[in-house]
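Student: I am new to this structure. Please take one part of it and walk me through that part closely.

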Amino acid sequence: MEISQMIKRGGVINNVDANDIFEVYEQICPKMNLPDSVTAQQLYEGLCRREKVMSTAVGHGIALPHCRDIILKDDESQQVTVVYLKEPIDMNAPDGKKVSVLFVLLTSNSQTHLQTLSTLAGLFKNKRFVNLLKNHAGAEELASEAKGL
């Protein structure tokens with residue numbers, strides 16, 4: 001599945017106002033476009049469990065939250081939800097920068113998960129894509145730029 005399709009399916013959640021990552025998860029999980037087989041509570045618990053093991057912040061103000069366990073049953077539900085925070089939060093990123101944007105990954109298998117991480121890493125090196133993030137671009141713009149790369 002292409003990253004552009006995953007971003008379109010996951011969409012964008014804007015202006016999340018929270019003091020820490022667990023508050024972020026509490027706010028965004030009920031707003032996410034989840035399949036019937038996954039509840040917001042299951043997702044919240046899975047994201048929190050993963051975050052307690054190790055921060056999902058990767059640097060440059062970006063985090064890649066995901067569950068340690070596969071929670072999706074089918075490939076068609078896979079998605080990446082882009083979350084813009086109202087104010088950056090400290091997530092113990094390797095570069096020490098506070099996180100302002102999150103890409104919440106929901107995949108149905110480890111191969112797609114790793115492929116999605118790799119694709120996102122490439123996108124984060126693209127100046128146009130990074131500028132879209134700085135301007136809080138919507139899902140269509142982000143997906144369009146991702147598709148063009």
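**The aromatic cluster and its surroundings**

Tutor: Phe-103, Phe-124 and Phe-129 are linked into a cluster by ring pairs. Keep in mind that this is a predicted model. The cluster is a good place to start.

How many aromatic pairs are there? The count is two. One of them joins Phe-103 and Phe-124. Their ring centres are 5.2 Å apart, and the planes make an angle of 55°. That pair is classed as tilted. The angle does not exceed the 60 degrees that edge-to-face requires, and it is not under the 30 degrees for stacked. Phe-103 belongs to strand 5, while Phe-124 sits in the loop between helix 4 and helix 5. The two are 21 residues apart, so the pair links distant parts of the chain. Are these two residues buried or exposed? Both Phe-103 and Phe-124 are buried.

Now follow the cluster into helix 5. Phe-129 is buried there, and so are Leu-132 and Leu-133. These three cover an arc of only 100° around the axis, which puts them on the same side of helix 5. A general rule helps here. An α-helix has 3.6 residues a turn, so residues three or four places apart point the same way. Which residues are exposed on the other side of helix 5? They are Lys-127, Arg-128 and Lys-134. Helix 5 thus has a buried side and an exposed one.

Helix 5 also takes part in a pocket. The largest pocket has a volume of about 370 Å³. It is lined by 17 residues, and those closest to its centre are Gly-59, His-60, Ile-62, Val-130 and Leu-133. Leu-133 is one of the buried residues of helix 5. Four elements give two or more residues to this lining: strand 2 (57-59), strand 5 (99-106), helix 4 (110-123) and helix 5 (127-134). Which of them gives the most? Helix 5 does, with three residues. By class, the lining has 10 nonpolar, five polar and two charged residues.

Look again at His-60, from the list closest to the pocket centre. His-60 lies in the loop between strand 2 and strand 3 (62-63). Its phi is positive, about 60°, although it is not a glycine. His-60 counts as exposed because its relative accessibility is 64%, and the cut-off for exposed is over 50%.

His-136 also has a positive phi, near 55°, and is a residue other than glycine. His-136 sits in the loop between helix 5 and helix 6 (139-147). Its relative accessible area is 35%, so His-136 is partly exposed.

Next comes helix 4, which also contributes to the lining of the largest pocket. Leu-123 is part of helix 4. Why is Leu-123 called buried? Its relative accessible area is 3%, and buried means under 20%. Leu-123 and Ile-3 are 120 residues apart in sequence. In space, their C-alpha atoms are 10.0 Å apart.

Helix 4 and strand 5 appear in another pocket too. The second largest pocket has a volume of about 150 Å³. Of its 13 lining residues, Cys-67, Arg-68, Ile-70, Thr-107 and His-113 are the closest to its centre. Strand 5 and helix 4 each supply at least two residues of this lining. Helix 4 gives the most, with three residues. This lining divides into seven nonpolar, four polar and two charged residues.

Between strand 5 and helix 4 runs a loop, and Asn-109 lies in it. Asn-109 counts as partly exposed because its relative accessibility is 24%. How far apart are Asn-109 and Lys-97? In sequence they are 12 residues apart, and in space 30 Å, C-alpha to C-alpha.

Set beside that a pair in another region. Gln-41 and Pro-30 are 11 residues apart along the chain, with 8.0 Å between their C-alpha atoms. Gln-41 is in helix 3 (residues 40-53). At 45% relative accessibility, Gln-41 counts as partly exposed.

One more ring deserves a look. The charged end of Lys-52 sits over the ring of Phe-22, 6.0 Å from the ring centre.

To return to the start: Phe-103, Phe-124 and Phe-129 form the cluster. Phe-129 is on the buried side of helix 5, and helix 5 gives three residues to the lining of the largest pocket.

How values were computed: Residues are numbered from 1 along each chain as its sequence is written. This is a predicted model: local features need pLDDT of at least 70, side-chain atom pairs count only at pLDDT 80 or more; totals for chains, interfaces and linings use all residues. Side-chain values use heavy atoms; hydrogens and water are left out. On a 1 Å grid over the protein atoms alone, a cavity is a set of points where a 1.4 Å probe fits but cannot get out, and a pocket is an open set with protein on both sides within 12 Å along at least five of seven lines; lining residues have an atom within 4 Å of a point. Grid points are joined across faces, edges and corners, and a volume is the space filled by probe spheres set on the points. Ala, Val, Leu, Ile, Met, Phe, Trp, Tyr, Cys and Pro count as nonpolar, Asp, Glu, Lys and Arg as charged, and the others, Gly among them, as polar. Rings of Phe, Tyr and Trp (its six-membered ring) pair if their centres lie within 6.5 Å; planes under 30 degrees apart count as stacked, over 60 as edge-to-face and the rest as tilted. Buried means under 20% relative accessible area, exposed over 50%, partly exposed in between (1.4 Å probe, protein chains only). A charge sits over a ring if NZ of Lys or CZ of Arg is within 6 Å of the ring centre and within 35 degrees of the ring normal. The arc is that of the directions from the helix axis to the C-beta atoms.
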